[in-house]
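Me: I should like to go through the terms used for a protein model and see what each of them rests on. Please set each value against its cut-off.

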Amino acid sequence: MGIIVQKYGGTSVANSERIFAVAKKVTDAYKKGNSVVVVVSAQGDTTDDLIVKAQEINPDASKREMDMLLSTGEQISASLLAMAIQKLGYPAISLNSFQVGINTNHTYSNSRIKSIDNERLELELDKKNIVIVTGFQGINKYDDVTTLGRGGSDTSAVAIAVALKADLCEIYTDVDGVYTADPRVVKNARKLESISYDEMLELASLGAKVLHNRSVELAKKYSINLVVRSSFNDNEGTLVREVKEVESMLIKGVTSDKDAARISVVGLADKPGVAFKLFSLLSKKNISVDVILQSIGRDKKKDISFTVDTANLKEALDIINENKGALEFEKVNHSEKVAKVSLVGAGMVNNSGIATKMFEALYDASVNIDMISTSEIKISVLIDEENVEKALVAIHDKFQLDK
Ligand code: ADP
Ligand code: ASP
Ligand code: MG
């Protein structure tokens, strides 16, 4: 018995039948004497559909109005789930982020949770209610609705688990747990029994959308017991946890991110301070830069290539072009048809053979590598977007991750 926070994603609450299946899982946990808070996402493709609707009206809609619109999806599923639970004969109440008091910073569309007021949640739990909360959203200092970025309901769930000091946070989704690769792409991907916070954080940040990366960050910071499992069966899921000792060398998985775009600034002056100037212009606008490649100088010139999120591409190009005078480059080109493929596992730094083996897998599959970046816990390569599936399968096979 304890406090459990459960989160159900879009597919898990897609229709009435699914909502009753979720209601059954929720009430099973409640019947055991637990205090249960449930966080829900919008049903099925609701969020995507709302974005299409907005674009029909105004492709340049403000982020504030987008948040107002997108937040409605979760309100629908929260109230429907409360109705289903009540129909099964159990007490339930749905609350939106205003009613709970989920406070975020003022940024629209990619907001961060600053604090959660426990009062209302605890009051409802004391009354023995099952509390259903709208995921993916909060309220800023202007009392406006904000959203946490796509996939943000996971973060809502973990943040509530932190606020309530919950014993367990279960993320229910449409696959059985965290796999060595996206099981929809790599058919023989293997479910992991457990994964460390750090490895999960890398996988999530590098494109494995099974968990929102900020949810993992929060879970790590507050040592939340986090489990990813399916809402479609009773199989055991994957435990995300702290690992004390890093086992020799364990590759956890391979993942891809198609939301990357490459920018190349060609013919920059080959002198100190150039990279600093370029990247500080971007960081001032909060544009984060990922894989970076700088060429060796020739004829007092050099090139710098780097990746940004596709969503930031236009703004990044505008900034660079506006500063052509100060940066003194010859030209800038870009490509959106690139993707990042990454191999993740703690202890990589001690094993030089890993990178070679990954490059060999890509060579065998005739996939050309544009850029490479490595860290203690991952190796990423930038490749043509059209080769992603092929590359994932080749790397997964090479490292025999199904075993
Ligand atoms: P939800 O709507 O429940 O939040 P998401 O679609 O956001 O679900 O995330 C679950 C999906 O993540 C799975 O259907 C799967 O295709 C994808 N996925 C990508 N990489 C992985 C991975 N390594 N392990 C498991 N699922 C993954
Ligand atoms: N409904 C939101 C989205 O589609 C949040 C989520 O699913 O976590 O991004
Ligand atoms: Mg999700």
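Reply: The exchange below takes up burial, strand pairing and the surroundings of two ligands in this predicted model.

Me: Why is Ile-139 called buried?

Reply: Buried means under 20% relative accessible area. Ile-139 has 8% relative accessibility, and therefore counts as buried. Ile-139 belongs to strand E7, residues 137–139. From Ile-139 to Lys-302 there are 163 residues in sequence and 46 Å in space, C-alpha to C-alpha.

Me: What makes strand E14 mostly covered?

Reply: The same cut-off of under 20% relative accessible area applies to each residue. In E14, which spans residues 260–269, 10 of 10 residues are buried.

Me: How do you know that E14 pairs with strand E16, and which residue of E16 is the bridge partner of Ala-261?

Reply: Pairing requires at least two bridges between the strands. E14 and E16 (residues 301–309) are joined by 8 bridges, so the requirement is met. The two strands run antiparallel. Val-308 in E16 is the bridge partner of Ala-261.

Me: What supports the pairing of E14 with strand E17?

Reply: There are 5 bridges between E14 and E17 (residues 331–335), and the sense is antiparallel. Since at least two bridges are needed, E14 and E17 count as paired. Within this pairing, Arg-262 has Ser-335 of E17 as its bridge partner.

Me: How do you know that strands E2 and E6 are paired, and in which sense do they run?

Reply: E2 (residues 35–40) and E6 (residues 130–134) share 4 bridges, set against a minimum of two, so they pair. Their sense is parallel. Val-38 stands opposite Ile-132 in E6.

Me: In which sheet do E2 and E6 lie, and what makes E3 and E10 its edge strands?

Reply: They belong to an open sheet of 8 strands, in the order E3-E6-E2-E1-E9-E11-E12-E10, with mixed pairing. Strand E3 (92–95) and strand E10 (194–196) are the edges, each pairing on one side only. On average, neighbouring strands of this sheet are turned by 20° against each other, direction ignored.

Me: What makes the approach of Lys-7, Asp-174 and Tyr-179 to ligand 1 a set of polar contacts?

Reply: A polar contact is a pair of N or O atoms within 3.5 Å. A side-chain N or O atom of Lys-7 is 3.0 Å from an oxygen atom of ligand 1. For the side chain of Asp-174, the distance to an oxygen atom of ligand 1 is 2.8 Å. Tyr-179 places a backbone N or O atom 2.9 Å from a nitrogen atom of ligand 1. Each of these values lies within the cut-off, so each pair is a polar contact. The protein covers 89% of the 570 Å² of accessible area that ligand 1 has on its own.

Me: How many residues surround ligand 1, and how do they divide by class?

Reply: Ligand 1 has 16 residues around it, and the closest include Thr-173, Asp-182 and Arg-184. The shell consists of 7 nonpolar, 4 polar and 5 charged residues.

Me: How do you know that Ser-41 makes a polar contact with ligand 2?

Reply: A polar side-chain atom of Ser-41 is 3.3 Å from an oxygen atom of ligand 2; this is within 3.5 Å, so the pair is a polar contact. Thr-47 has a polar side-chain atom 2.9 Å from a nitrogen atom of ligand 2, and Arg-150 has one 2.7 Å from an oxygen atom. Of the 260 Å² of accessible area that ligand 2 has on its own, the protein covers 86%.

Notes: Residues numbered from 1 in each chain as written. Chains lettered and ligands numbered in written order. Predicted model: local features only at pLDDT ≥ 70, side-chain atom pairs only at ≥ 80, totals over all residues. Heavy atoms only, no water. Polar contact = N/O pair within 3.5 Å; in protein donor to acceptor, adjacent residues only side chain to side chain. Areas by Shrake-Rupley, 256 points an atom, 1.4 Å probe, with all protein chains shown as cover. Buried < 20%, exposed > 50% of the residue type's maximum accessible area, 1.4 Å probe, protein only. Axes fitted to C-alpha atoms, helices over the stretch in contact; angles between N-to-C directions. Near = heavy atom within 4 Å. Nonpolar A, V, L, I, M, F, W, Y, C, P; charged D, E, K, R; others polar.
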